[in-house]
Amino acid sequence: MLRDKHLTIAILLQTFLRPISLTWVLTLFETALMALIPLLIGFAIDGLLKDDTTALMHLAVVVASLIGISIARRIYDTRVYGMIRVELCTQLVDRSDKLSVSKLNARLSMARELVGFLEEEVPTLMNSVVQLVISFAILFYFHPTLSYAAFCAAVVMVVFYSIFHRRFFKLNADHNHQSEKQVGLLGTNSPKRIYAHFNRLRHIEIRISDTEAWVYGTIFTVLLGFILFNLWYAATHMETTVGTIFSIISYSWEFVDAALVLPATLQGWSRLSEIMQRINADLPAVRN
């Protein structure tokens, strides 16, 4: 199925669109049901206080449906993405006869990350997008200014991360390049060279970690400022109750929690961009 095609995320989506689409539909159903639970719990409490169990039954049905869909999605996901990994790795091996075993072994591990991105990070991103939309809508309902603050914080966060995209790309390239040497170096049985290899990996990983610390620290500061602004604005510019302020802060925090997924996904994409460029660089000429 992947014969004579570039090995990229876009090609994987194009080739396996139907099975992947079904996993994502199940993910959206799961997310939607999860989002309904707090609301249904409130209805159930109100109903029980009036000796009415109708809302409680609705809650039970939704929870049961959520459990069923969650189980079905995970069972289906394992089979679909396992099949994609087999096809991707097989094609990479078939077209990499000129690569050393060390490089090929490293690139097989890298290629599996492409499928892992589709299986794990994309559904997480979908969940966060749903949460962002719901939080934004509710904040807008309380007061448009609160939602505008959320939007500005998200834009600043994405712009700031984009500044560091090239650095993450380069550091991941250095790490992947060193990883490609590992099997060959292990075969030398030279303690000095093996130690130097692992020490080199350690230094690169430290640089990646330090960059992450500064980027995420700055991003979290921006988002914390957004929460403090919403708290200040709600308390000083709106006629609110304590419950309303609590709701505003709760949904502001949910927005922050979901927004933090974006830079994590972008960082994953930086690494995958380098991997796709690397694993396709030495392959025979193929069509898109």
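This passage looks at three helix pairs and the largest pocket in a predicted model.

Helix α6 is a good place to start, since two of the helix contacts run through it. Spanning residues 165–179, α6 packs against helix α8 (residues 191–237) at an angle of about 160°, and the two axes lie 10 Å apart. Angles over 145 degrees count as roughly antiparallel, so that is how α6 runs relative to α8. The crossing here is left-handed. On the α6 side, the contact is built from Arg167, Phe168, Leu171, Asn172, Asp174, His175, Gln178 and Ser179. Facing them from α8 are His197, Arg200, Leu201, Ile204, Glu205, Arg207, Ile208, Thr211, Glu212 and Val215. By class, the residues of this α6–α8 contact come out as six nonpolar, six polar and six charged.

Next comes the packing of α6 with helix α10 (residues 261–281), where the angle is about 50° and the axes are 9 Å apart. The pair is therefore oblique, and α6 and α10 cross in a right-handed sense. From α6, the contact draws on His165, Phe168, Phe169, Asn172, Ala173, Asn176 and His177. The α10 partners are Gln267, Ser270, Arg271, Ser273, Glu274, Ile275, Gln277 and Arg278. Sorting the residues of the α6–α10 contact gives four nonpolar, eight polar and three charged. Phe168 and Asn172 of α6 turn up in the contact with α8 and also in the one with α10.

The third pair is α4 with helix α5 (residues 144–163), packed at about 145° with axes 5 Å apart. Here Phe136, Leu139, Phe140 and Phe142 of α4 touch Pro144, Leu146, Ser147, Tyr148, Ala150 and Phe151 of α5. In this contact, nine residues are nonpolar, one is polar and none is charged.

Helix α4 also matters for the pocket. The largest pocket has a volume of about 770 Å³. Its lining takes in 29 residues, and Met34, Ala35, Gln131, Ile134 and Glu254 sit closest to the pocket centre. Helices α2 (17–49), α4 (101–142) and α9 (242–259) each contribute at least two lining residues. With 11 residues, α4 provides the largest share of that lining. As for chemistry, the lining splits into 13 nonpolar, 10 polar and six charged residues. So much for the pocket: α4 helps to line it, and α4 also packs against α5.

Terms used
Residues are numbered from 1 along each chain as its sequence is written. This is a predicted model: local features need pLDDT of at least 70, side-chain atom pairs count only at pLDDT 80 or more; totals for chains, interfaces and linings use all residues. Side-chain values use heavy atoms; hydrogens and water are left out. Axes are lines fitted to C-alpha atoms, for helices over the stretch in contact, and angles run from 0 to 180 degrees between N-to-C directions. Helices (H or I, at least four residues) and strands (E, at least two) are DSSP runs, numbered from the N terminus. Angles under 35 degrees count as roughly parallel, over 145 as roughly antiparallel, 65 to 115 as roughly perpendicular and the rest as oblique. A crossing is left-handed if the near helix is turned anticlockwise from the far one by less than a right angle, and right-handed if clockwise. Contact means heavy atoms within 4.5 Å. Ala, Val, Leu, Ile, Met, Phe, Trp, Tyr, Cys and Pro count as nonpolar, Asp, Glu, Lys and Arg as charged, and the others, Gly among them, as polar. On a 1 Å grid over the protein atoms alone, a cavity is a set of points where a 1.4 Å probe fits but cannot get out, and a pocket is an open set with protein on both sides within 12 Å along at least five of seven lines; lining residues have an atom within 4 Å of a point. Grid points are joined across faces, edges and corners, and a volume is the space filled by probe spheres set on the points.
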